[in-house]
Amino acid sequence: MINQIGAYSLYICLFASVYLIFKSYISSKNFDKKIDQTFFATLSVQLFMTILSFFTLVFAFVFSDFSNITVFNNSHTLKPLFYKISGTWGNHEGSLLLWLLVLTFFLFIFFVTSKKMNARYRILTILFQEIIILGFLLFILFTSNPFLNILPIPDEGLGLNPILQDPALAIHPPLLYVGYVGTSIIFSASLAALITKTVDNVWASHIKNWILVSWVFLSVGILLGSIWAYYELGWGGFWFWDPVENVSLMPWFCLTALLHSIIVLKNRNIFHSWTVILSITTFSLSMSGTFLVRSGILNSIHTFANDPSRGVFILTFLLFLVLLAIFIFFFNQKNFPDTHQRSFLVSRETSILINNWFMMFFLSVVLVGTAYPIFLEVVNDAKISVGPPFYHKLIVPFLIPFLFFMALGPNIKWIKDKIKKLNISQIIFLILSFLISFFIVFNTNTNYLFSTLLFTFSFYLFFKVINSFQKKNSNLSQKVSHLGFSIFMLSILLNGILSKENSANMKVGDEINFLNKKLIFENVKVESDTNFKKLIGEFKLKDNEKIIHFRPEIRVYSQPETITSEADISSTLFSDDFLVFSLIKNDGFFNVRYQHKPLMIWIWISVLLMSLGGVLSFFKLNEK
Amino acid sequence: MKKITLIVLILIISAFHSNISFADQKKNIDHITKNLRCLICQGQSVYDSQSDFALSMKKLIRIKIKEGNTEDEIYNFLKEKYGEWIVYEPEVNKNTIFLWGLPLILFIFGGLLIIRKVTIK
Amino acid sequence: MKNNKIFYFVVILIVAIFFVLLLGLKEEKNYSPQSNLKKLNNSILLKELYSGKNIFLNDLLLENELNLINIWASWCSPCKAEHPYLINLNERSDLNLIGINYKDNLDNSKKFLSDLGNPYDEVLVDSDGTKSIELGAIGVPETYLINNENKIIKKFIGPLDQDDYEDIISLIKK
C-alpha cells in the first residue's frame, strides 16, 4: 500500500515535469511579460509529491516495512531508530530520491525568490531545471525504483552496512547533495541568462547567493566525510585521495573559482563568458561525480551497489546536458562585450584570475588523476593506480606561489593599482614567517628549502590575514574564509611533519616502549549492544607524567556480518592521540596502532571557518 | 612581463625542489608500504591493511631491505610480479606521460591566457 | 571562424570522452592476473613439509612435463572445495603437482592431507606468506600452470572449478 503511494506520487511528479517543460518552452517563445499562475501551482504540486514520496520511504524505513525491497535490502528491525531514518538515503535508490527532493525544493525556492528578475529568464531556468528533474525521475523510475514490492514479505531485513551506521555519515550525504544539487540551479540559471542576454552584474548578485549556498554545503559535506573517514575507517588519515573523495573535491575547486569570478562580474561587469563556463563545468562535474560513484566504473572504498545499465543511463543523460549547454553557450556567446578587454596586471580582477588559474590547475590534477586510469585501461589495456604520492607531487609545489598570491590579492584595488614601495611591515612579516618556519623545519630534521618555503608562505598568509582584520574596510566574510584557509594550511603542514606513530602486535598484559612513551595493554572486555557485540580494549599510555586511557572497540555486527574497528581518540586543542586495535589471526594477539597527531582539531575548525565566511557573505548580501 | 617570467621560474624551481625532497625521504618500510596498493582490499594501502596479503608483503619488504635492496628495486620487483597496478605512484613512461603532463600543460596554457589578458592593447 | 573551430573541437572532445567512459563501464574492476608469460624467480627456497629440508622451487620443476603449483591452506575453505579436482589431476601421469602450504599450522596441514588425500607430488611450506608473494600470489587458493621453460602460462586465482579443470586438461594434451 505504502509503496503504491510513493510510486504514484513519483508518476505525478513526472507528469508535472513534462507539463512544465512544454509550458515553459512555449511561454518562452511567445512571451507576454507575465508569468502564468500555473507555474507556481504546478511547481507546488511537484514539490508536494516529491516530499510525499520521500516521506513514504522514510516511513517504510522507520516501520521496517519489508514488503519494500529497498527497506529489505538496507534495514533491519534491531537497528536504532536514528539509523533507520538515515538508512533512507544510505543506499542508491533512497539517495536518488533525496537528490530529487532537493532538486525540486531548490527550483521552488528559486522561483519564489527571483521575482525581481526578468520573467523570461525565470521561465527558462524552470525549463532547464525541469529537464534535469525529468532525467532524474526517469532514472529513478526505470533503473532504481525505491518502491518495488517483494513477495512473499520477508520477516527480517538484510541490515545496513555497519560502517555507515555513524552520526557523521548519517548527515554527510544530505549536506553533500544539497551542495551538488545547488550547482544545478547555477547551471540552469546561467543557460537561461545566456539566452535572455542577461549575464551581467545584476544577474551576478542574484546567482551569487546560490553559489554561496552550494559552496557552504559542499564544504561542510566534504568536511563531515573526512571526519568520518578519520575516526571510522581506522587508519588515522583524513584524506586518502580515494576516487570517491576526489569526485566531491572537483566541483568544490570549480565552485570556489566561480565564487571568486562572480565577484568580478558583480563589481566590474566583466568575465562574462568565463563565469558561464565555470557554471556549466561545476554542474557537469557534480553530475560526473554521480556517474563515477554510481556506475561502479571506479575502484573505491565507498562504491554503491553497481549496475552497468545505470551507468549507461547517467552517462547518456550527462552527455545530453553537456552538449545542450555547449550549443547554447556557443550560439549566444557573441553577445558578450568584454572578450578583448584588457585587464591591468596589478588589479583585483587579475588577482582573482590568478586564483581561478590555480583552482583550475588543482582541479585538472584531481580530474586527470581520477579519470586517467579508466581511460588508460580502455585505450591501452594497462592498469595503473594513481594514489597520494601523485597528488602530493603535483599539488604541493604549486601551493607556494598560490599562498603568496592569496596573501597579496585581497589588498589590491579594482581596475588598476600601483605596486607600493616595499613597506617595512611587509618585510617584517616575511622575515618573521621565514624565521618561524626555519625553526620548525630545522627542529624536525627535515631540513629542506622546500618545506621551509611552504611554511614561510603559509605563515605569511596567516599574518597578512590577521593584520587585515585591523583595517575597517568591510568584507569580513572574505577575511574569515581566508583566515580559515591559512589555518587549514598550517595545521595540515604541522600535522604532516610532527605526526608520530607506532604499530605493534600485542596481547593482554604486554607493555611496549617507544618515543619515551610506554603503552600498556591492560584488559579486553566483551559487551553486547543492541545490534552488535563489542570487544573493548583497555590501554594506558604513559607519556612522562601524563597518563591517557584508551578504550578502542572491535565491533562484530551480525546483520550483515561485519567486523569494524572503532578508534579511541583523545582530542585536545593541541593534538589528538589516536589508538585503534584490530584482530589478527595469531591467537590472543591484536594489532595495536597508536598515532600522535598534532593540531588535528584545527583542520576541522579551519574548514568550518572557511564555510562560516560563506555564511557571512550570504547574509550580508541579503541585507541589502 | 619580467615579473611573470620570474614567477614561472620560481614555480619550476619549487617543483624541482619538491622532487628532491620526496626522493630523499628516508628509506623505510612504512614509507614503501604506504605507496603500495593492497590488492585484495578496497582502496587501502598495504601499510593500512591487516590482511594476510598485506602482512606477508610487509614481512617480505623488511627482508628485502635487510638484503640491501633499494626502494626502487623493491618497487620494480613487485611491479614485475603484480603489474603497475600495485604502486600508487605511476612511473613516467609512454603510458603515463599525459597523466603527469596534462595538468602541467593546462597550467602553462592558463598562464599564457592570463598574460595575454594583461598585455593586449 | 575561430569560435567555430573551438566549438567543433570541444564537441568532438566531449563525445570522445563519453565514448571512452562508455567502454570503461565494461571493464573488469577487480584485480586480474596479467596474461603475459613470466619466468619464475629462480631463487625461491622453501621447506619440504614432511622432511623439513630446504629445496629450491626450480629444482622441483620437471622439464618434460607440465608443472602445476597450487597454493593452499588447511584453514581455507575454498581449498577444500577445489581439492577433488586436484586429486583427479594427480591421477594423470603427465602433470607434476607441487603444493605450497600457505601460513598454516603444520599439524593441521598434515591432517588435512591425510583426511582428504594428498594430491601433490611434493608439498612445500610457506609459513609466513613471503614466498607466495615472490611467486606473485595475492591469497589462497591460487594455482599456476608452468611450462617446461619455467614460464607461468596460466594463473587461476581462487578455487579451481570444472571449467578450470577442463582448461588444464586441454592444456596438458597440447
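Into which domains is chain A divided? Let's work through that and a few related exercises on this predicted model.

**Exercise 1. Find the domains of chain A and describe how they meet.**

Step 1. Start with the bounds: domain 1 of chain A covers 1–160, and domain 2 covers 500–601.

Step 2. Next, place them in space. The C-alpha centres of domain 1 and domain 2 of chain A are 44 Å apart. Even so, there is contact, with 7 residues coming from domain 1 of chain A and 4 residues from domain 2 of chain A.

Step 3. Now look at the area. Between them, domain 1 and domain 2 of chain A bury about 410 Å², and carbon and sulfur atoms give 53% of this. Three residues to pick out on your screen are A:H76, A:L78 and A:L158: together they supply 61% of the area that domain 1 of chain A buries against domain 2, more than any other three residues.

Step 4. Finally, check the chemistry. The rule finds 0 salt bridges across this interface of domain 1 and domain 2 of chain A. For residue pairs in polar contact, counting those with both residues at pLDDT 80 or more, the result is 0. On the side of domain 1 of chain A that touches domain 2, there are 4 nonpolar residues, 2 polar and 1 charged.

**Exercise 2. Describe the interface of chain C and chain A.**

Step 1. Count the participants: chain C brings 21 residues into contact with 25 residues of chain A.

Step 2. Turn to the area. About 2,100 Å² is buried between chain C and chain A, with carbon and sulfur atoms giving 79%. The side of chain C that touches chain A has 15 nonpolar residues, along with 3 polar and 3 charged ones.

Step 3. Search for specific pairs. Across the interface of chain C and chain A, the rule gives 0 salt bridges. It also gives 0 residue pairs in polar contact where both residues are at pLDDT 80 or more.

**Exercise 3. Work out the make-up of chain B.**

Step 1. Tally the secondary structure: chain B has 5 helices and 0 strands. Reading along the sequence, you get the pattern α-α-α-α-α.

Step 2. Ask how many of its residues are hidden. Chain B has 121 residues, and 50% of them count as buried, the cut-off being under 20% relative accessible area.

Step 3. Look at the contacts along the chain. Among contacts in chain B with a separation of 6 or more, 45% come from residues 24 or more positions apart.

How values were computed: Residues numbered from 1 in each chain as written. Chains lettered and ligands numbered in written order. Predicted model: local features only at pLDDT ≥ 70, side-chain atom pairs only at ≥ 80, totals over all residues. Heavy atoms only, no water. Contact = heavy atoms within 4.5 Å. Buried area = accessible area lost by both parts, 1.4 Å probe. Salt bridge = Lys/Arg side-chain N within 4 Å of Asp/Glu carboxyl O. Polar contact = N/O pair within 3.5 Å; in protein donor to acceptor, adjacent residues only side chain to side chain. Nonpolar A, V, L, I, M, F, W, Y, C, P; charged D, E, K, R; others polar. Domains from an automatic or database assignment. Helix = DSSP H or I, 4+ residues; strand = E, 2+ residues; numbered from the N terminus. Buried < 20%, exposed > 50% of the residue type's maximum accessible area, 1.4 Å probe, protein only.
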